[in-house]
Every structure is written in structure tokens, then in C-alpha cells.
Amino acid sequence: MKFLKFLLVGIFFGIVLTKSEAVSWFRIYEMFRFQSFHMYGIIGTAIASGVIFLQLAKRGHIKNTEGAEIFVPKKDKGFPRYIIGGIIFGFGWALVGACPGPMYILFGAGYYTIAIVIIAAIAGTFIYGVLKDKLPH
């Protein structure tokens, strides 16, 4: 019961992304071909919301589930690693037609072949965790 609220938020998030067609391969294809503003609008709204909530959290107006202030640590500067990581993420998104959140939504919607992608993503995350200390950061 402790995690029920997270399950409900996840279900709501899945419904919103499905109804807004953000999990549609065709919408993602249109985005990467610069044929439609639809996905850019969704992503832009998410970025704007994230900036607002992050600023509120930094100022101490938002608290976590235990009532403590949310602390956001400073990130290391490093433009190349964010560009390289973003390019790799974008290539994966373009090739698969889904980013991490929608992969689970597609599986829940009955597109079971996405399980191959989910397994590969989990394996890639595991491999990165094993090699993280050996990679340049």
C-alpha cells in the first residue's frame, strides 16, 4: 500500500502519454523528420514544467514524501559528455521509436515485441554500471 500512489501516478502518466499519442511511432517519426510540431510541443511543455518545479524545489517550497526539503546537488560541468550522451540517446530513440518511459507503456498496451527493447535497455544499463569506473567522465 505504501507504493500505491506511485503505481497510480504511473498509470495516469501512461494514459496521458497514450492519449496524447506521445508513444506513437508515427509521431516520433514525424518529429525526427521535422514534419510536425506535436512532439516538440509535448517535450517543450515537459521541459518548462520541469524547470518550474525544479526552481520551486530549490527554493524549498516543495518537500518530499517524508516532509523534508528536496536537495538538488550541483552537476559537474562538461558540455561534450552531455552532447555525446544525448546523441546516443537520440539515435536509440530514433531507431527504436520509443524512449524509456513509453517502452513500458507500449508493453502494457499489448505491443509485446517491445520486450526485446526493454531487455536490451536493462542490459545496457547494467553494462554501463559495470564499466562506469573505467569510462572517461
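Where in the chain is the place of lysine 74? In this predicted model, lysine 74 sits in the loop between α3 (38-58) and α4 (79-96). Its relative accessible area is 81%, so lysine 74 counts as exposed, the cut-off being over 50%. Lysine 74 also belongs to a surface patch of positive charge. Lys58, Arg59 and Lys77 gather there with it.

The helix that follows this loop, α4, was checked for length. α4 has 18 residues. At 1.5 Å a residue, a span of 26 Å is expected. The end C-alpha atoms of α4 lie 26 Å apart, so the two values agree. Glycine 97 comes just after α4. The phi of glycine 97 is positive, at about 90°.

A second surface patch is nonpolar. Its members are Met1, Leu4, Leu7, Leu8, Ile11 and Ile15. Together they present about 650 Å² of accessible area. One of them, leucine 7, lies in helix α1, which covers residues 4-19.

The overall fold is helical in its secondary structure: the protein chain has six helices and zero strands. Read from the N terminus, the order of elements is α-α-α-α-α-α. The C-alpha trace spans about 40 × 40 × 35 Å along its principal axes. The protein chain holds 137 residues, and 16% of them are buried.

Note on methods:
Residues numbered from 1 in each chain as written. Predicted model: local features only at pLDDT ≥ 70, side-chain atom pairs only at ≥ 80, totals over all residues. Heavy atoms only, no water. Patch = residues over 30% accessible without salt bridge, like charges linked within 9 Å, V, L, I, M, F, W, Y side chains within 5 Å. Areas by Shrake-Rupley, 256 points an atom, 1.4 Å probe, with all protein chains shown as cover. Salt bridge = Lys/Arg side-chain N within 4 Å of Asp/Glu carboxyl O. Helix = DSSP H or I, 4+ residues; strand = E, 2+ residues; numbered from the N terminus. Lys, Arg positive; Asp, Glu negative; His and termini not counted. Charge placed at Lys NZ, Arg CZ, Asp CG, Glu CD. Buried < 20%, exposed > 50% of the residue type's maximum accessible area, 1.4 Å probe, protein only. Expected span 1.5 Å × (residues − 1).
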